[in-house]
Amino acid sequence: MTYKISDDCISCGTCKDECPVEAITEGDGKYEIDPQKCIGCGTCASVCPVEAPKEDK
Ligand code: SF4
Ligand code: SF4
């Protein structure tokens, strides 16, 4: 299971620094998660102020 960032993302950048495998990068208008790198730890979801990272099953 991986996580995917929804359009609710306000591009604050908090999750990028917290991801243990550096799967998060700044995309066009919102941040994005590389599904090849994400290990589904959920840290991005817990630190996000707007709960933008969602489980992507
Ligand atoms: Fe990184 Fe964990 Fe979020 Fe996946 S779930 S993008 S590994 S912080
Ligand atoms: Fe977007 Fe949330 Fe990550 Fe901030 S912490 S960049 S709002 S997904």
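Ligand 2 has 14 residues around it, and the closest are Cys9, Cys12, Gly13, Cys15 and Cys48. Keep in mind that this is a predicted model. Ligand 1 has a shell of its own, with 13 residues, and there Cys19, Cys38, Cys41, Gly42 and Cys44 come nearest. The structure holds 2 cavities of 30 Å³ or more, and the ligands take up that space: ligand 1 fills the largest cavity, while ligand 2 fills the second largest.

**Ligand 2 and its cavity**

- What sort of residues make up the shell around ligand 2? Sorted by class, there are 11 nonpolar, 3 polar and no charged residues in that shell.
- The space that ligand 2 takes is the second largest cavity, and this cavity has a volume of about 60 Å³.
- The second largest cavity has 13 lining residues, and those nearest its centre are Cys9, Ile10, Cys12, Cys15 and Cys48.
- The lining of the second largest cavity splits into 11 nonpolar, 2 polar and no charged residues.

**Ligand 1 and its cavity**

- The shell around ligand 1 is made up of 10 nonpolar, 3 polar and no charged residues.
- How much space lies in the largest cavity? The answer is about 70 Å³.
- The largest cavity is lined by 13 residues, with Cys19, Pro20, Cys38, Cys41 and Cys44 closest to its centre.
- By class, the lining of the largest cavity has 11 nonpolar, 2 polar and no charged residues.
- If you wonder how empty space gets found at all, rolling a probe the size of a water molecule over the atoms shows where it is left.

**Cysteines: bonded or not, buried or not**

- With cysteines turning up in both shells, how many disulfides does the structure hold? The count is 0.
- Is Cys9 buried or exposed? Cys9 has a relative accessible area of 14%, which is under 20%, so it counts as buried.
- Cys41, one of the residues that come nearest to ligand 1, has a relative accessible area of 44%, so it falls between the 20% and 50% cut-offs and is partly exposed.
- Cys12, among the closest residues to ligand 2, sits in the loop between E1 and H1.
- Cys12 also has a relative accessibility of 44%, and it counts as partly exposed.
- Cys12 and Gly29 are 17 residues apart along the chain, and their C-alpha atoms are separated by 11 Å.

**Gly42, close to ligand 1**

- Gly42 is one of the residues that come nearest to ligand 1, and its place is in the loop between strand E3 (31-33) and H2.
- Why is Gly42 called buried? Its relative accessible area is 12%, and that is under 20%, so the label is buried.
- Gly42 and Tyr3 are 39 residues apart along the chain, yet 7.4 Å separates their C-alpha atoms.

**Two residues with a positive phi**

- Most residues other than glycine have a negative phi.
- Ser11 goes the other way, with a phi near 55 degrees, a positive value in a residue other than glycine.
- Where does Ser11 sit? You'll find Ser11 in the loop between strand E1 (2-5) and helix H1 (14-18).
- Ser11 has a relative accessibility of 28%, which lies between 20% and 50%, so it is partly exposed.
- Glu51 has a positive phi too, near 55 degrees.
- Look for Glu51 in the loop between helix H2 (43-47) and strand E4 (53-56).
- Is Glu51 buried or exposed? Its relative accessible area is 54%, over the 50% cut-off, so Glu51 counts as exposed.

**Charged residues elsewhere in the chain**

- Lys54 is part of strand E4, and at 39% relative accessibility it counts as partly exposed.
- Lys54 and Glu18 are 36 residues apart in sequence, and the distance in space is 16 Å, C-alpha to C-alpha.
- Asp34 lies in the loop between E3 and H2.
- With a relative accessible area of 29%, Asp34 is partly exposed, because that value falls between 20% and 50%.
- Asp34 and Glu22 are 12 residues apart along the chain, and 8.8 Å separates their C-alpha atoms.

Terms used. Residues are numbered from 1 along each chain as its sequence is written. Chains are lettered from A and ligands numbered from 1 in the order in which they are written. This is a predicted model: local features need pLDDT of at least 70, side-chain atom pairs count only at pLDDT 80 or more; totals for chains, interfaces and linings use all residues. Side-chain values use heavy atoms; hydrogens and water are left out. A residue is near a molecule or strand if one of its heavy atoms lies within 4 Å of it. On a 1 Å grid over the protein atoms alone, a cavity is a set of points where a 1.4 Å probe fits but cannot get out, and a pocket is an open set with protein on both sides within 12 Å along at least five of seven lines; lining residues have an atom within 4 Å of a point. A molecule sits in a cavity or pocket if more than half of its atoms lie within 2 Å of its grid points. Ala, Val, Leu, Ile, Met, Phe, Trp, Tyr, Cys and Pro count as nonpolar, Asp, Glu, Lys and Arg as charged, and the others, Gly among them, as polar. Grid points are joined across faces, edges and corners, and a volume is the space filled by probe spheres set on the points. A disulfide is a pair of cysteine sulfur atoms within 2.5 Å. Buried means under 20% relative accessible area, exposed over 50%, partly exposed in between (1.4 Å probe, protein chains only). Helices (H or I, at least four residues) and strands (E, at least two) are DSSP runs, numbered from the N terminus.
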